Structures are given as C-alpha cells and as structure tokens.
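Me: Could you take a close look at one part of this model for me? I'd like to hear about one salt-bridged pair, and then about what lies around that part of the fold.

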Amino acid sequence: IRAGFATILIFAAISVVILILLFLHKVAAPYVREAYFNHKYEKATPKQAVVMCYEQLLRKQAKGIIQNAGTYTPYEFAQEFEKRFGFDISELIYMVERAVYAEETVTTAQKEQARNLYKNAKETVTEWRKKQKRRKR
C-alpha cells in the first residue's frame, strides 16, 4: 500500500487529537464533573442541595467500590459506607430523610453542613482509593 505524505500527516493528526481527547476524558473529566456539581449546588435550594450531596456520594464516590449501592436504603448505604471507608455519613442521611420524607424545611446552615459532610466523605474516599492503589503496587 502506498501512502502519500499528506495521508500519513492527516492520520497522525487525527491520532494525536484522539489521544488528547482520551487523556482529557481520563484526567480532566472528574474535575469538570465536580465543578458542574458545585455549580448546580450553588443554584439549588437547600432541600435540593442536601439530596444532591447524598446522590453524589451514592453515584459518583462509591461507584465501583460499594456493589449495588443504588439498591440500598439510605441507612444501609450509610452503614456500608462507614464499614468500607470508616466515615460516618448518618447525619447527611438524616437530613435527606427529613427533607424528602418528612418534608421538613432545610435551612441554609443545614445546606452548608451537608456540603461539608460531602466534602469530608469525598476526601475519605479519595484517600481510600490512594491506599488501595499503593497496596496493588
């Protein structure tokens, strides 16, 4: 097969673009997702924000670590989360339960408390993942 210089150059350029996109997906995507979450959080009502923090822990942070996490009740998830990572999120679960099922009003202070719990839980999961990577080496 004979290929001209232009054909090889085009193929190389396309390959480089694909590699850059894959790199960005792998490296930058978590930061973009977190920034998007923070943007949505700022615009959310306190009730929505508390639920968002729980859902973010359930769907993003525990993904691939706690099997079938979506099938757990919130309290079962909190127990499994504490057993796995050693961090208690029961206060966040309590806020979610009161907001969603008891339909209590969530204050701005509770919204910030939920965010702090989420951030601390996220850091705990990040540290746990780093330890797991070190163990594999």
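Reply: Glu-55 and Arg-59 sit 4 residues apart in helix 3, about one turn of the helix. In this predicted model, their side chains meet in a salt bridge, with 3.7 Å from N to O. Side chains of opposite charge can pair when their charged atoms come close. Glu-55 has a relative accessible area of 31%, so it counts as partly exposed.

Both residues also help to line a pocket, the second largest, together with Arg-33, Tyr-36, Phe-37, Lys-40, Met-52, Gln-56 and Lys-60. This pocket has a volume of about 200 Å³. Helix 2 and helix 3 each provide at least two of its lining residues, and helix 3 gives the most, with 5 residues. By class, the lining holds 5 charged, 3 nonpolar and 1 polar residue.

Lys-60 leads us on to the largest pocket, which encloses about 740 Å³ of space. Its lining has 15 residues, and those closest to the centre are Pro-30, Lys-60, Gln-61, Thr-126 and Arg-129. Helix 2 (29-43), helix 3 (46-61) and helix 6 (108-136) are the elements that give two or more residues to this lining. Here the largest share comes from helix 6, with 5 residues. Charged residues number 8 in the lining of the largest pocket, beside 4 nonpolar and 3 polar ones.

Helix 3 has a part in the nonpolar interior as well. In soluble globular proteins, nonpolar side chains tend to be buried together. The largest nonpolar core in this model has 31 residues, and Leu-57, Ile-66, Phe-77, Phe-81, Ile-89 and Leu-92 touch the most other members. Helix 2, helix 3, helix 4 (74-85), helix 5 and helix 6 each supply at least two residues of this core. Helix 3 gives the most, with 7 residues. For a view of the packing, try Ile-89: leaving out residues up to four places away in sequence, Ile-89 touches Leu-57, Phe-77, Ala-78, Phe-81 and Ala-121.

Helix 4 offers a nice companion to your pair. Glu-80, Lys-83 and Arg-84 are linked there in a network of salt bridges. Lys-83 and Glu-80 have their closest N and O atoms 3.6 Å apart, and because they are 3 residues apart in helix 4, about one helical turn separates them. Arg-84 meets Glu-80 at 3.4 Å, N to O, and these two are 4 residues apart in helix 4, again about one turn. The accessibilities of the three residues are worth a look too. Glu-80 is buried, at 15% relative accessible area, whereas Lys-83 is exposed at 65% and Arg-84 is partly exposed at 33%. In total, the structure holds 7 salt bridges.

Two loop residues complete the tour. Most residues other than glycine have a negative phi, and most peptide bonds are trans. Asn-68, in the loop between helix 3 and helix 4, has a positive phi near 55°, and Asn-68 is exposed at 57% relative accessible area. Glu-103, in the loop between helix 5 and helix 6, also has a positive phi of about 55°. At 64% relative accessibility, Glu-103 is exposed. Glu-103 is one of the contacts of Arg-98, along with Glu-104 and Gln-110, when neighbours within four places in sequence are set aside. Arg-98 itself lies in helix 5 (residues 90-100) and counts as buried, because its relative accessibility is 17%, under the 20% limit.

Technical notes. Residues are numbered from 1 along each chain as its sequence is written. This is a predicted model: local features need pLDDT of at least 70, side-chain atom pairs count only at pLDDT 80 or more; totals for chains, interfaces and linings use all residues. Side-chain values use heavy atoms; hydrogens and water are left out. On a 1 Å grid over the protein atoms alone, a cavity is a set of points where a 1.4 Å probe fits but cannot get out, and a pocket is an open set with protein on both sides within 12 Å along at least five of seven lines; lining residues have an atom within 4 Å of a point. Grid points are joined across faces, edges and corners, and a volume is the space filled by probe spheres set on the points. Ala, Val, Leu, Ile, Met, Phe, Trp, Tyr, Cys and Pro count as nonpolar, Asp, Glu, Lys and Arg as charged, and the others, Gly among them, as polar. Buried means under 20% relative accessible area, exposed over 50%, partly exposed in between (1.4 Å probe, protein chains only). Contact means heavy atoms within 4.5 Å. A nonpolar core is a set of buried Ala, Val, Leu, Ile, Met, Phe, Trp, Tyr and Cys residues joined through side-chain atoms within 4.5 Å. A salt bridge is a side-chain nitrogen of Lys or Arg within 4 Å of a carboxyl oxygen of Asp or Glu.
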